[in-house]
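Student: I'm new to this one, so could you pick a single part and take me through it slowly? I'd like to see what surrounds it, too.

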Amino acid sequence: MPSVLAATHPTDTVYGEVGDATVPLRFSASSASSAAEYGVLRERAAVLDLGGHGLVEITGPSAVDFAQRLLARDVEYLTSDRCMMSLVLDEDGQVVDQVVAFGREDGLLLESSCGAGGRLLEHLRAHQEDGVEITDRSGELTVIGLEGPYAWGVVGRLIDAELASLPFESVADATWDDTEIVFARTGLTGEYGYQMIVPAEAAAALWTSALEHARPAGLEALELAMLEVRQPIPRHEATPGATVIEIGANWLVDITKDDFVGKDAVTEAFESGGGRRTVGFTGCAGVPAPGTRVLAGGQDVGEIVHAVHSAGLDATLGLARVDADLAAAGLELTVGGLTVTTLTSPYIVPKSWSIPII
């Protein structure tokens with residue numbers, strides 16, 4: 001499904017297929033554009049076309065109970081001025097998706113990860129029960145993001161300065177140019193981050209206005225910045241058979257909840273303490289492919305999960321899934337015959353951590 005903003009993108013925008021979505025990877029055919037977009041995100045403010053994120057509305061008298069059963073975190077008291085990130089699991093504890101759940105007066109609105117809207121919708125409908133209405137809002141609404149150390153300034157110039165200082169994971173119903181939008185303080189990269197859920201017919205105008213104050217950044221720059229602060233990227237990290245503990249997404253599961261789909265499998269994984277763990281690394285020449293074996297002292301101890309060239313580090317940065325006792329910072333491992341060094345996150349310090357909102 002192409003972005004509703006595609007007509008506003010530069011003609012040499014490079015697109016990619018991610019799950020069920022066609023998304024802008026970078027906004028120029030130039031090989032240097034991804035690094036430039038990353039630089040804007042880390043140094044100034046970037047506007048993001050998040051149209052590849054599906055939007056699913058859950059309403060009806062049993063909506064909250066249903067969401068409480070399907071989401072791995074506790075959303076029973078998620079009010080309309082709050083949002084939170086959660087995993088959605090299947091009965092075997094495997095990751096279906098990583099969502100942002102927005103509390104709404106009549107239920108919840110779930111935002112899928114990039115390209116996973118169709119899979120999320122199918123999973124929800126497979127578990128649908130009486131008193132629950134599930135509506136795909138992806139064709140009516142879209143998501144525009146702002147990320148960067150000065151993104152708060154863009155919010156002030158674009159909509160309302162008071163919205164910029166909302167507490168993290170706060171939600172407000174706002175108005176832009178007589179259009180009602182859902183505004184949220186979120187953040188995916190460690191920088192100041194905001195999301196605007198906007199009707200599709202008004203999205204192009206809002207996107208164009210945002211570009212008067214910020215530059216666009218595509219998925220390549222966004223996912224690199226997410227990796228650098230260890231923000232989970234399920235399409236890369238949720239490999240088949242991996243438990244939430246092996247992925248390192250424990251914080252997106254509330255094991256104290258009475259019940260949720262996948263709890264038995266997650267509890268078993270917690271109690272067994274077995275399996276591998278995911279750790280960051282840097283070093284080696286080139287970018288190793290997923291599945292490349294990782295060695296320690298000549299012994300096979302795991303595999304590469306995801307790796308890229310980090311413009312921030314000017315080096316290869318990646319994730320490896322290795323034996324649990326090797327998931328520590330400062331160890332030297334071998335990947336493709338070359339040495340890499342394991343890291344503790346974050347792998348860079350976001351500029352926003354030292355810049356106040358004024």
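Tutor: Let's start with the side chain of Arg42, which reaches the backbone oxygen of Ala225 at 2.9 Å. That fits a polar contact, meaning a pair of N or O atoms within 3.5 Å; within protein, one must be able to donate a hydrogen and the other to accept it, and residues adjacent in sequence count only if both atoms are side-chain atoms. Keep in mind that this is a predicted model, where local features need pLDDT of at least 70 and side-chain atom pairs count only at pLDDT 80 or more, while totals for chains, interfaces and linings use all residues. Residues are numbered from 1 along each chain as its sequence is written, and side-chain values use heavy atoms, with hydrogens and water left out.

Arg42 sits in helix α1, residues 33-43. Helices (H or I, at least four residues) and strands (E, at least two) are DSSP runs, numbered from the N terminus. With a relative accessibility of 5%, Arg42 counts as buried; that label means under 20% relative accessible area, with exposed over 50% and partly exposed in between (1.4 Å probe, protein chains only).

So who are the neighbours? Setting aside residues within four places in sequence, Arg42 is in contact with Pro149, Thr189, Glu191, Ala225, Glu228, Val229, Ile348, Pro350 and Lys351. Contact here means heavy atoms within 4.5 Å. Leu222 is worth finding as well: Arg42 and Leu222 are 180 residues apart along the chain, yet their C-alpha atoms are separated by 9.9 Å.

One of those contacts, Thr189, leads us to the largest pocket. Thr189 lies nearest its centre together with Met85, Gly187, Leu188 and Gln231, and 39 residues line the pocket. Elements giving two or more residues to that lining include α7 (219-228) and β12 (193-199). A pocket, on a 1 Å grid over the protein atoms alone, is an open set of points where a 1.4 Å probe fits, with protein on both sides within 12 Å along at least five of seven lines; lining residues have an atom within 4 Å of a point.

From the pocket, follow β12 into an open sheet of six strands, ordered β10-β11-β12-β9-β3-β13 with mixed pairing. Two strands pair if DSSP finds at least two bridges between them. Strand β11 (residues 179-185) and β12 run antiparallel and are joined by four bridges; one to look for links Ala184 to its partner in β12, Gln195. At the edges stand β10 (171-176) and β13 (215-216), each with a single partner strand, so one side of each has no neighbour in the sheet.
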